[in-house]
Amino acid sequence: MKRYEIIKRIEDIGIVAVVRAENTEKAIKISKACMAGGIDAIEITFTVPGAHKVIEDLVNEFGDKLLVGAGTVLDSETARIAILAGAKYIVSAAFDLETAKLCNRYQIPYMPGCMTIKEMITAMEAGADVIKVFPGSAFGPSFIKAVKGPLPQAVLMPTGGVSLDNVDEWIKNGCIAVGAGGALTKGSMEDITETAKRFVEKIKKARGL
């Protein structure tokens, strides 16, 4: 799958499920529950023990049916491990130049966490495909309009502070997609699937689909 195809697929679904769990088994169950609810873009964070194994197992089981990325990637070494395990995109809490270079080298989308305009410009100049507005809870959906003023070309995806109550605002204000963690992945597997369906529905409605 080519770099632009990965970005387009994330944009089409409009949401990435951010999966954090205390063990590999639960991480896989949460991922499958999100998939059952219509979310086919999953970010396995490297706070999950054996995260690279979770990525590998999901890629082996579902192939391109599930778009698996790696999150909480703090350095290029971790990014390379994730890519070798099959991760299709790399997400980090903050911008890291060496990680950007590595992702560009292997044509893997890089989504660094940024909050200030300066951080965003630095990341964009280094070739970041999507700016992860993080933590989104710090300013809320209105921040997107403020950023889009001086940076209309910025491709933005907030993580942190995204919920069913405000997901439509994030989308309407100009985000390519949102990252949802705790608001999506809490409760039973049945709860997660139902919440995933509601997120997908609200995003479609916000886009007028």
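## Exercises on strand S1 and the salt bridges

In strand S2, Ile44 is the bridge partner of Val19. The model is predicted, with local features needing pLDDT of at least 70 and side-chain atom pairs pLDDT 80 or more, while totals for chains, interfaces and linings use all residues. Residues are numbered from 1 along each chain as its sequence is written, and side-chain values use heavy atoms, with hydrogens and water left out.

**Exercise 1.** Find the strands that pair with S1 (residues 15-19) and state the sense of each pairing.

*Solution.* Step 1: strands are DSSP runs of E with at least two residues, helices are runs of H or I with at least four, and both are numbered from the N terminus. Two strands pair if DSSP finds at least two bridges between them. Step 2: S1 is joined to S2 (residues 41-45) by three bridges, in the parallel sense. Step 3: S8 (residues 178-180) also runs parallel to S1, again with three bridges. Ala17 has Ala180 as its bridge partner in S8.

**Exercise 2.** Decide whether the faces of S1 are covered or open.

*Solution.* Step 1: buried means under 20% relative accessible area, exposed over 50%, and partly exposed in between (Shrake-Rupley method, 1.4 Å probe, only the protein chains shown count as cover). Step 2: in a regular strand, side chains alternate between the two faces of the sheet. Step 3: one side of S1 carries Ile15, Ala17 and Val19, the other Val16 and Val18, and all are buried. Step 4: five of the five residues are buried, so S1 is largely enclosed by the rest of the structure.

**Exercise 3.** Work out which parts of the chain are linked by the salt bridges of Arg3 and Arg9.

*Solution.* Step 1: a salt bridge is a side-chain nitrogen of Lys or Arg within 4 Å of a carboxyl oxygen of Asp or Glu. Step 2: Arg3 meets Asp129 at 2.8 Å, N to O. Arg3 is in helix H1 (residues 3-13) and Asp129 in the loop between helix H6 (117-125) and strand S6 (131-133), 126 residues apart. Arg3 is buried at 14%, whereas Asp129 is partly exposed at 21%. Step 3: the closest N and O atoms of Arg9 and Asp40 are 3.7 Å apart. Arg9 lies in H1 and Asp40 in the loop between helix H2 (24-36) and S2, so this pair ties together parts 31 residues apart in sequence.

**Exercise 4.** Describe how Glu25 and Lys29 are placed in helix H2.

*Solution.* Step 1: their side chains form a salt bridge (3.5 Å, N to O). Step 2: the two are four residues apart in H2, and therefore separated by about one helical turn. Step 3: Glu25 is exposed at 51%, and Lys29 partly exposed at 44%.
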